[in-house]
Each structure stands twice: as structure tokens, then as C-alpha cells.
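Trainee: I'd like to go through this one with you piece by piece. Can you pull it up?

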Amino acid sequence: MAQADGVPLPDAAPSCVSKLVLLGSGSVGKSSLVLRYVKGDFKSVLPTVGCAFFTKVVAVGNVALKLEIWDTAGQEKYHSVCHLYFRGAQVAMLVYDVTRKESFLRAQQWLEDLEKELQPGEIVVALVGNKTDLEEKRQEGKEFAESRGLLFMETSARLNHQVSEIFSAVAQELLQRDMARLGSSPLGNSGAMRLNQAPTRRTKCCSH
Ligand SMILES: Nc1nc2c(ncn2[C@@H]2O[C@H](COP(=O)(O)OP(=O)(O)OP(=O)(O)O)[C@@H](O)[C@H]2O)c(=O)[nH]1
């Protein structure tokens, strides 16, 4: 049986496919989070140009969900291009560097941009504070995430801390919304901090 992060995957091919986009300032660690999650590796990576694309199948309960992961470039010159990538996404991960205030403010700006273009609850949004292994003064995102109904986790791509957990959490949230829409029960607990329930409107993740 195939496995995802050591968890056996359901035998059937993934029945759900969801688009996940990572947004955030340059050098906050978006590519490193994806590299850690998809390949289990952490190494020096060049700044992303435009966007990079990855896939990974994640098991949530007995459902295999294929995540199509779009890792956008954080440098300001690519800002307008990034808007093209979040269209049609079911999940947005807003990544900041816990040691860089401006990156935290930039993540908040991304949320405003998303809110301008999308309906409330239309997609799952997670705020991700990366580089928790660094000792410097930290930006605290929890309160902001709570006030805006976002999933929230702090991660370290370097130390592999909470990386697969945040991807699993958004996958679970997606499926829970879908189940709620279809009147079924939730699929268990991923351990994510679910701070506030955003209104369920639609998900495009599952057709079953
Ligand atoms: N200490 C530490 N460094 C990290 C971590 N994650 C990424 N980095 C480093 O931060 C730098 C930028 O990482 P990237 O993954 O390229 O950042 P990015 O957000 O994809 O950058 P852009 O492609 O410019 O948008 C690299 O030197 C990484 O090695 C982490 O969790 N801890």
C-alpha cells in the first residue's frame, strides 16, 4: 500500500484534487517548506522565478487528496503575477518569517488581496510563521489568525517542525468543509490549531 508521511494511503487513486498556493515575501521559506514536505529535504534553493509547481498526495482519514502546490515567487517584482496563481485555488498559505516584521505585514496584505477577490470562506486560508528555529525577536501571528478565522501554525522547514502538520491541517479542513456541505461527519483531528470556523460556502476539492 502506498504511504504518505508514513501513513498508509487508501488503495484507490486520489479522489480529490485541490490547488494550494503559497504566498508571502521573498526568503520567508516558501520553497523550503514545499521541498521539506514533498521531498523531505532542506537545502539551499535559489529565489523562485514566477512560480514552481509540485504535487503530493495526502491521506485524510480514508480519503487520498492530491495537493497541487503552487509555490509563488516572493520578490516584489513578481507580485502582480502571483495574483494569477491564486485564482482557482482552494487553499492559500500565507507564509511569513517569524523574525521579520515586514514579512508578517506582507502576509496580512496578501490576506486583504485575497479578501478583495474571493468570497468569505471560499477558500481555506492558513497563516504560517516559518523559521521558528531562529532565536531572534518573534512576530506573533496567533492573535491575528484568530481574529481573522485563519488556520495557524508556526513551522521550521530547517528542523522539519510542523511542516507536514500544516499541509495535513489544510487538507483536513478542506475535506471537513466538503463533508459539512454534504452532511457527513468530520474526518478526525490533524492537530492543527483551528482558531475560528470560517463560513462554509463551497469547496471544489471533492466530487465524491
Ligand atoms: N533558519 C531557517 N532558515 C530557513 C528556513 N526555511 C527557509 N530558510 C532559509 O531562508 C532562505 C530563503 O528560503 P526560500 O525557501 O528560498 O524562501 P522563499 O520564500 O521561497 O523565497 P522566494 O523564492 O524569494 O519567494 C534560504 O536561505 C533558506 O535556507 C527555516 O525554517 N529556518
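Trainee: Is α1 enclosed or open to the outside?

Mentor: This is a predicted model, and in it eight of the ten residues of α1 are buried, so the helix is largely enclosed by the rest of the structure.

Trainee: Which residues of α1 are the buried ones?

Mentor: They are K30, S31, S32, L33, V34, L35, R36 and Y37.

Trainee: And what covers the buried residues of α1?

Mentor: The cover includes the strands β3, β4 (51-60), β5, β6 and β7, together with the helix α5 (163-182). After α1 comes G40, which has a positive phi, near 65°.

Trainee: Switching to the ligand, which helix gives the most to the shell around it?

Mentor: That is α1 (residues 30-39), which contributes three residues to the shell. There are 22 residues around the ligand, and the ones that come nearest are G29, S31, S32, T48 and G74.

Trainee: How many of the shell residues are nonpolar, polar and charged?

Mentor: The shell around the ligand is made up of twelve polar, six nonpolar and four charged residues.

Trainee: OK, strand β6 next. How many of its residues are buried?

Mentor: Strand β6 (residues 91-97) is mostly covered, with seven of its seven residues buried. The cover reaches both faces, since V91, M93, V95 and D97 on one side are buried, as are A92, L94 and Y96 on the other.

Trainee: Which strands does β6 pair with, and how many bridges are there?

Mentor: Strand β3 (residues 16-24) is joined to β6 by five bridges, and these two run parallel. Strand β7 (residues 124-130) is joined to β6 by seven bridges, and this pair also runs parallel. If you want one residue to follow through the pairing, take V95 of β6, which stands opposite G24 and has V128 as its bridge partner in β7.

Trainee: How does the chain get from β6 to β7?

Mentor: The chain passes through helix α3 (residues 101-117) on the way from β6 to β7, and this β-α-β crossover is right-handed.

Trainee: Now Y85. Where is it, and is it buried or exposed?

Mentor: Y85 sits in helix α2, and it is buried because 21 other C-beta atoms lie within 10 Å, where the cut-off for buried is 20 or more.

Trainee: What is Y85 in contact with, apart from its sequence neighbours?

Mentor: Leaving aside residues within four places in sequence, Y85 is in contact with V21, C51, W70 and T72. The C-alpha atoms of Y85 and L22 are separated by 9.3 Å, although these residues are 63 residues apart along the chain.

Trainee: And E76, buried or exposed?

Mentor: E76 is exposed, because it has 10 other C-beta atoms within 10 Å, and the cut-off for exposed is 12 or fewer. E76 lies in the loop between β5 (63-72) and α2 (79-86), and its C-alpha atom is separated by 15 Å from that of V95, which is 19 residues away along the chain.

Trainee: Last thing, what are the confidence scores?

Mentor: The mean pLDDT of the protein chain is 83, with 81% of its residues reaching 70 or more. Over residues 186-203, however, the pLDDT is below 50, and this stretch has 49 contacts in the model beyond near neighbours in sequence. The model scores ipTM 0.99 and pTM 0.85.

Terms used:
Residues are numbered from 1 along each chain as its sequence is written. This is a predicted model: local features need pLDDT of at least 70, side-chain atom pairs count only at pLDDT 80 or more; totals for chains, interfaces and linings use all residues. A residue is near a molecule or strand if its C-beta atom, placed from the backbone, lies within 6 Å of it. Helices (H or I, at least four residues) and strands (E, at least two) are DSSP runs, numbered from the N terminus. Ala, Val, Leu, Ile, Met, Phe, Trp, Tyr, Cys and Pro count as nonpolar, Asp, Glu, Lys and Arg as charged, and the others, Gly among them, as polar. Two residues are in contact if their C-beta atoms, placed from the backbone, lie within 7 Å. Two strands pair if DSSP finds at least two bridges between them. A crossover is right-handed if, with the strands pointing away from the viewer, the path from the first strand over the helix to the second runs clockwise. pLDDT is the predictor's confidence in each residue, from 0 to 100.
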